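Welcome, and thank you for opening the viewer. Keep the selection box at hand, and we will walk from one stop to the next.

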Amino acid sequence: MSAAFTHDDELSEKEARERLIQDGPNQLPASSQRGVLRLLRDVVSEPMFLLLVACGAIYMFLGDRNEALMLLGFVFVVMGITFFQQRRTERSLEALRDFSSPQTLVVRDGLTRKIAGSELVRGDIVLLAEGDRVPADIYIVDSSNLTVDESMLTGESVPVAKETGFISNHAAIVSDVGDAAQLFSGTLVTQGTARGRVIATGERSALGRIGKSLAGLGGQSTPIQLETRRIVKRVASVGLLLAAGLAVTYWLTRGDWLNGLLAGLTLAMAILPEELPVVLTLFLGLGAWRLAREKVLARSIPAIELLGATTVLCVDKTGTLTTNRMAVRRLWIDAVIYDTVAAGSAALPEELHGILEFAVLASHRRAFDPMESAIGDAGKRLLADTEHLHGDWTLIEDYPLSREMLAMSRVWESPNQRERVIAAKGAPEAIVDLCHLDNARCAMVAGQVQRMAADGLRVLGIARATFAAEALPGNQHDFEFEFLGLIGLEDPVRPDVPQAIAECHAAGIRVVMITGDHSATAVSIARQAGIPTDGAVITGAELAILSDDELRMRLANTHIFSRIRPEQKLRLVQAFRARGDIVAMTGDGVNDAPALKAASIGVAMGARGTDVAREAAALVLLNDDFSSLVVAVRYGRRVFANLRKAIVFVVAVHVPIVGLSIMPVLLGWPMLLLPVHILFLQLIIDPACSVVFEAEPLEADAMLAKPRRPEARLFDAQILMRGLWQGGGLLVTLLAVYAGARFMTGSDDMARAMTFTVLVISNLGLIHANRSWGQASWRRAGSSNRYFGWIALITLVLLGAALGIPAISRLFAFVLPTPSMLLGGVGVAAMNLLWFEAVKHPFGRRGSLAR
């Protein structure tokens, strides 16, 4: 049925200009690329960096310029890494521009002309043909054999047949994905022609509404970020209060306010946890850099750490699990069947050559339809070097697909004969009808079609005929067709997917499929990919009538969701998050974008994915390799595990520093640590936390453990107790060393030098012990960390300079201990290493798995 349309309905140029001013250009509001200054401002205004600068300002206010400059130096290093990462990301992303740029054929003032897609307005009459990108939402007023690829919106990889609609008032139409009489912006015409009226442009189109819905989603800080900020603020506040209290105590007990202020400043420097934001930010920045080398782009750097806690992975089928490119999978005739996957490199049996030969002849040589492209590719591959490919044949006539006959026939003539050869393909029931098969034969074909459809294949029937007369009949039914067989096509699973999903399952990550495709296809793909298929499949129609509570109950046992609409993907992601899951969502289509942004971690395909999906995602797999996601999960677990190791070291190393700042005041000793000593120790602490621990590989069994609990904290009791036990034991030995050296030599400066030497060497042992919680440090001979080696060497050289060079030793208030005392100090440091190992293991393997 044709739509009511006359030339009076065509727009004039004047009307088009007025509507363009009224509605605006036919463009989506793409995210404008941030300039260098704006990007730098955004980086500098990050709360983490502001906290670091505040710490540096406090040090500057307290008068320790060296410490302040060192801290600010770390700020600039971290800012540089983050700026470089985000700048590179910005250059690769500008949403949806590919869909707003094509030229469009329109009818205005009775004339046909080409205009830029951005100049299209509501009410324009648009002409479309095979291979055209639909420039706006359009209602079809006239069409011929029209099919459209809507996979970017619906997730279905097979083109959708479209038909002419009837409208009495075109201005009242609202875009509705799934309407057979409507075309949608960004989709692709794969076959046929159409004339249509524009009903929505820009952000009012179906594509634009999806993009607009992204604005209110996402943007939350990760639990680790929030926890680190809270801990730093609390410790800094308590530390400053303790420092003030120590200064007042020193002044009241000894009457020396200057040294009391110095003691307070030293304690403040010892307590302020400036390492924590440095560690977190640099870990994540370096993690993003390492992932980039694995072809994973981190658009939201904190998402790297959160990946390690992922409990549910929601995957789109088309383009994520599958290649989003149809391929011939099976050919059948009577008792002969050929499966392209099972056959491997085996040749196509001779009995099946005719099926593929005439399937190729029934397809367009310059194909836009993905199924015709797949048939052409299979013909080139399986019929190469045979007489069954006819590149020199001439096309005489074409009987197109129609609503009355779901089959198409093409009439060919060879160079050396006048007899015409007709090749037909289409829906199996239509081909059976053309061939006039008997009931028994029809039942056999129907049974095979059902079996192939149950395996998720798209099934076509193939037939051939010959015709000797000059004048061709007007209907396909007038040919005497011979049934050749069936051909089954599929959107194949990516080769890396089954292994990647198996690794996800081993890591305790639940994988569920959310697709717009049929249930049978979804179950078949899930079976091939390794996703459980034993539970019930929830369809979009069923999901629409489920309440939130009913859906939450069904989620526990459902792994496949089929016929899901874009807004339902978003609802599913939000439902999983409401259950307390950490949800990673993968996808590549425009229909995936809202769910990608609403997920805890959105993961987009970079090569085949749409720009809007990449814009909405936190991570982008640049090479579309699904196994890269497992690599990203591994890095996420590594970041969290190494962060915990670094925090144990930070806690443990601060205990003796704080204790050596407070105890001399309480025991009436001279000040043991001066600001210069704290600065020296920071040269070890900060590089160790930010470089050595970050470079540690993941524990061997970490990917066999379940994800950490969503409520798990970075600074939990286990971590704090481990650090306090290690640091507490070190403090006791240092106090004993100082007391013993002071008693033996009567020199405060020599005792201070001796204590400081043991502290520095023990700190190196503390780093080495905490590099791995799965085994003792002396069993890690095969595990190298060049950063630790360099830091240990530089530290010992600097310690030797502080002890042996008079000008430096006077600055440190040192007197060089005797060789025997230094040897004894090394022995004490070795005993401390044994203590670190002893209190490391009673906490069990749970700590090593970083749950």
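**Stop 1: helix α1**

Begin with helix α1 and select Lys14, Arg17, Ile21 and Gln22, which are exposed on one side of the helix. Exposed means over 50% relative accessible area, buried means under 20%, and partly exposed lies in between, with a 1.4 Å probe and protein chains only. Helices (H or I, at least four residues) and strands (E, at least two) are DSSP runs, numbered from the N terminus.

Now add Glu13, Ala16 and Asp23, which are buried in α1, a helix that covers residues 13-23. These three cover an arc of only 105 degrees around the axis, so they are on the same side of α1. The arc is that of the directions from the helix axis to the C-beta atoms.

What do the buried residues of α1 pack against? Show β1 (103-108) and β2 (111-116), and you have their packing partners. Contact here means heavy atoms within 4.5 Å. Before leaving, click on Gly24, just after α1, where phi is positive at about 90 degrees.

**A word on the model**

This is a predicted model, in which local features need pLDDT of at least 70 and side-chain atom pairs count only at pLDDT 80 or more, while totals for chains, interfaces and linings use all residues. Residues are numbered from 1 along each chain as its sequence is written, and side-chain values use heavy atoms, with hydrogens and water left out.

**Stop 2: the whole chain**

Zoom out. The chain has 32 helices and 22 strands, and 57% of its 851 residues count as buried. Among contacts in the chain with a separation of 6 or more, 74% are between residues 24 or more positions apart. The accessible surface of the chain is about 34800 Å², with 59% of it belonging to carbon and sulfur atoms. Accessible areas come from the Shrake-Rupley method with a 1.4 Å probe; for residues, only the protein chains shown count as cover.

**Stop 3: Asp334 and its partner**

Select Asp334 in the loop between β10 (327-333) and β11 (336-339). Asp334 has a positive phi of about 50 degrees, although it is not a glycine. Most residues other than glycine have a negative phi. Asp334 is partly exposed, with a relative accessible area of 38%.

Which residue forms a salt bridge with Asp334? Select Arg441: the closest N and O atoms of the pair are 2.3 Å apart. Arg441 lies in helix α17 (residues 439-454), so this pair ties together parts that are 107 residues apart in sequence. A salt bridge is a side-chain nitrogen of Lys or Arg within 4 Å of a carboxyl oxygen of Asp or Glu.

**Stop 4: further salt bridges**

The whole structure holds 26 salt bridges. One of them joins Arg552 and Asp549, at 2.9 Å from N to O. Both are in helix α21 (residues 548-555), three residues apart, so about one helical turn separates them. Arg552 is partly exposed, at 34% relative accessible area, whereas Asp549 counts as exposed at 51%.

Next, select Arg771 and Glu696, whose side chains meet in a salt bridge at 2.6 Å, N to O. Arg771 sits in the loop between α28 (748-770) and α29, and Glu696 in the loop between α26 (675-692) and α27 (717-745), so the pair ties together parts 75 residues apart in sequence. Are these two buried or exposed? Arg771 is buried, with a relative accessible area of 3%, and Glu696 is buried as well, at 1%.

For a network, select Arg329, Arg330, Asp339, Asp455 and Glu490, which are joined by salt bridges that share partners.

**Stop 5: cysteines**

A disulfide is a pair of cysteine sulfur atoms within 2.5 Å; by this rule the count is zero. Try Cys435: the nearest cysteine sulfur, that of Cys442, is 9.4 Å away. Cys435 is buried, with a relative accessible area of 9%. Cys504 also counts as buried, at 2% relative accessibility.

**Stop 6: a nonpolar patch**

Finish by selecting Trp790, Leu793, Ile794, Val797 and Leu798, which make a nonpolar surface patch of about 510 Å². Patches are made of residues with over 30% relative accessible area and no salt bridge; like charges are joined within 9 Å, and nonpolar side chains (Val, Leu, Ile, Met, Phe, Trp, Tyr) within 5 Å. Leu793 is in helix α29 (residues 786-804) and counts as partly exposed at 47% relative accessibility.
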